[in-house]
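Trainee: Before we discuss assignments, could you show me the model, so that I can ask how each label was reached?

Mentor: Certainly; here it is.

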Amino acid sequence: MSVLATERSDGVCLLTLQRPEKMNALSAELVDRLLQEVLLSQADGTRLLVLRGEGRNFSAGFDFSDFENESEASLLLRFVRIEELLQAVHHAPFDTLALAHGPTMGAGADLVCACARRIAAPGAKFRMPGLKFGLVLGTRRLAARVGGDAARDVLGATRTFDAPKALASGFITGLAPQDEWCGLIEVAAKEAAALEPRTSATLFSRVTPDTRDADMADLVRSAAFPGIKTRLKAYFETLR
């Protein structure tokens, strides 16, 4: 089965992460497929891009299942590809909608944060543990959503926060059970098509600060610092 299902119709691109047996963790293949579809959407008339996950959660984040067999260089490249994906979503010239449920962690939570519209099921929970192993990913995007102080607290303490707290902080923009998501997509599609495409693209670019170069530089410096595999191993040992 493909790691990603794609449906395109009437200006809506619906992307469904399909690794339920791995909690939709972001493998290299899945990240590449997502990035490919997001870039394709920039040229095919897409007005709304929707991200959701199959199974019991949206995404458990970066797939670390085989990290000990990778080189530090290959890990760095994978982190760079994830940042490229997050930037492509965050700076898309069309509307974006994330539909999150279940435990949504690390880069999975960053993917939600990158979207303009962010809906969570009532039982969703979020956590961003990257700083525990020295990885700086999505910090400015999170701060733009929830404010600097709240971002520092969430990232520094790697706090898990539930859907109501995510809504109160601005991390998500709405709460809705999964059986209401189809209706929310229809509403979002109508609103996304309200303006002419070029006008919408201009609006999105003006209200989204462009920190892409700085974000990538922060990510590369943190991931390229020697010992990322050792730091990852130490982090996972704390979870046992």
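Trainee: What makes Cys115 count as buried or exposed?

Mentor: Please keep in mind that this is a predicted model, in which local features need pLDDT of at least 70 and side-chain atom pairs count only at pLDDT 80 or more, while totals for chains, interfaces and linings use all residues. Residues are numbered from 1 along each chain as its sequence is written, and side-chain values use heavy atoms, with hydrogens and water left out. Buried means under 20% relative accessible area, exposed over 50%, and partly exposed in between, with a 1.4 Å probe and protein chains only. Cys115 has a relative accessible area of 0%, and is therefore called buried, whereas Cys182, at 54%, is exposed.

Trainee: How do you know whether Cys115 and Cys182 are bonded to another cysteine?

Mentor: A disulfide is a pair of cysteine sulfur atoms within 2.5 Å. The sulfur of Cys115 has its closest cysteine sulfur in Cys113, at 9.1 Å, which is too far for a bond, and the sulfur of Cys182 has its closest one in Cys13, at 15 Å, again too far. By this rule the count of disulfides comes to zero.

Trainee: Why are E1 and E9 called edge strands?

Mentor: Helices (H or I, at least four residues) and strands (E, at least two) are DSSP runs, numbered from the N terminus, and two strands pair if DSSP finds at least two bridges between them. The open sheet has six strands in the order E1-E2-E3-E4-E6-E9, with mixed pairing. Strand E1 (4-9) and strand E9 (174-175) each have a single partner strand, so one side of each is left without a neighbour in the sheet.

Trainee: What makes E6 and E9 a pair, and how many bridges join E2 to E3?

Mentor: Strand E6 (residues 117-120) and E9 are joined in the parallel sense over two bridges, with Ile119 opposite Gly174. Strand E2 (residues 12-17) runs parallel to E3 and is joined to it by six bridges, one of which sets Thr16 against Arg52. E3 itself is mostly covered, since five of its six residues are buried.

Trainee: Why do you say that the buried residues of H4 line one face?

Mentor: In helix H4 (residues 139-146) the buried residues are Arg141, Leu142 and Val146. Seen down the axis of H4, they fall within an arc of 110°, taken over the directions from the helix axis to the C-beta atoms, so they line one face of the helix. Their cover includes H2, H3, helix H5 (148-156), helix H6 (163-169) and H9, and just after H4 Gly147 takes a positive phi of about 95°.

Trainee: How do you know that Ala88 and Ser222 are buried or exposed, and what do they touch?

Mentor: Ala88, in helix H2 (residues 72-90), has a relative accessible area of 11% and is therefore buried. Taking contact as heavy atoms within 4.5 Å, and not counting residues up to four places away in sequence, Ala88 touches Leu35, Val38, Leu39 and Gln42. Ser222, in helix H9 (residues 212-224), counts as buried at 9% relative accessibility. Leaving aside neighbours within four places in sequence, Ser222 is in contact with Gly134, Leu135, Val136 and Arg231.
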